[in-house]
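Thanks for sharing this one. Here are my notes, set out point by point so that you can follow along in your viewer.

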Amino acid sequence: GGGALSAVVSRGMGYIFGLCAGFVRNQGQPRMAAALARGRKSGKTFGLMGGAHTAASSAVRALRGGREDPWNGAAGGCATGIVLAWEGGFLSALQSCATLGALSYIVEPPKPSS
């Protein structure tokens, strides 16, 4: 659903950003190879972030009967933190979950009252 689409779009945007950054930062001979490698790495990271956030926040929204509030974003942020920090171990993933979940909760725009 939305998580897969978000992952694809985010990955594409991340690839473009990484590719551009690779060209700017690498002035030597293997410039193209370095830019492509940076684009792939950035694309993967952005794809994971966008997909995890959208999938988790959509799932939480659905489980809560469609409620729109900052808790959906917090769940998405937590999932993103886990995905990004998983290779660092459980404690790292837990800390990243708490940090990105709290940040997402804080920056979630308030919804108008019905």
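The points below go through the helices and then the salt bridges.

1. Please keep in mind throughout that this is a predicted model. The distances, angles and accessibilities in this note are computed from that model.

2. Let me start with helix H2, which covers residues 31-63. With 33 residues at 1.5 Å a residue, H2 should span 48 Å, and its end C-alpha atoms are indeed 48 Å apart, so the expected and modelled lengths agree. After H2 comes Gly65, with a positive phi near 75 degrees.

3. Have a look at which H2 residues are buried. The buried set consists of Ala35, Gly39, Ser42, Gly43, Gly47, Gly50, Gly51, Ala52, Ala56 and Ser57. For reading such a pattern, it helps that an α-helix has 3.6 residues a turn, so residues three or four places apart point the same way.

4. Gly3 sits in helix H1, which runs over residues 2-25. Is Gly3 buried or exposed? Its relative accessibility is 15%, and because the cut-off for buried is under 20%, Gly3 counts as buried. Apart from neighbours within four places in sequence, Gly3 touches Gly51, Thr54 and Ala55. One of these, Gly51, is itself among the buried residues of H2. Along the chain, Gly3 and Met13 are ten residues apart, with 15 Å between their C-alpha atoms.

5. Next, the packing of H2 against H3 (residues 70-85): how do the two helices cross? Their axes come within 7 Å and cross at roughly 140 degrees, and the crossing is right-handed. By class, the contact involves ten nonpolar, eight polar and one charged residues. On the H2 side the contact residues include Leu48, Met49, Ala52, His53 and Val60, and on the H3 side they include Trp71, Gly73, Gly76, Gly77 and Val83.

6. Arg61 also belongs to the H2 side of that contact. Which partner does Arg61 have in a salt bridge? The partner is Glu68, with the closest N and O atoms 2.8 Å apart. Both ends are partly exposed: Arg61 has a relative accessible area of 24%, and Glu68 is at 42%.

7. How many salt bridges does the whole structure hold? The search finds three. Besides the Arg61 pair, Arg64 and Asp69 meet at 2.7 Å, N to O, and Asp69 pairs with Arg67 at 3.7 Å. Through shared partners, Arg64, Arg67 and Asp69 form one network. Within this network, Asp69 counts as buried at 11% relative accessibility, whereas Arg64 is partly exposed at 26%.

Key:
Residues numbered from 1 in each chain as written. Predicted model: local features only at pLDDT ≥ 70, side-chain atom pairs only at ≥ 80, totals over all residues. Heavy atoms only, no water. Axes fitted to C-alpha atoms, helices over the stretch in contact; angles between N-to-C directions. Helix = DSSP H or I, 4+ residues; strand = E, 2+ residues; numbered from the N terminus. Left-handed = near helix turned anticlockwise from the far one by under 90°. Contact = heavy atoms within 4.5 Å. Nonpolar A, V, L, I, M, F, W, Y, C, P; charged D, E, K, R; others polar. Buried < 20%, exposed > 50% of the residue type's maximum accessible area, 1.4 Å probe, protein only. Expected span 1.5 Å × (residues − 1). Salt bridge = Lys/Arg side-chain N within 4 Å of Asp/Glu carboxyl O.
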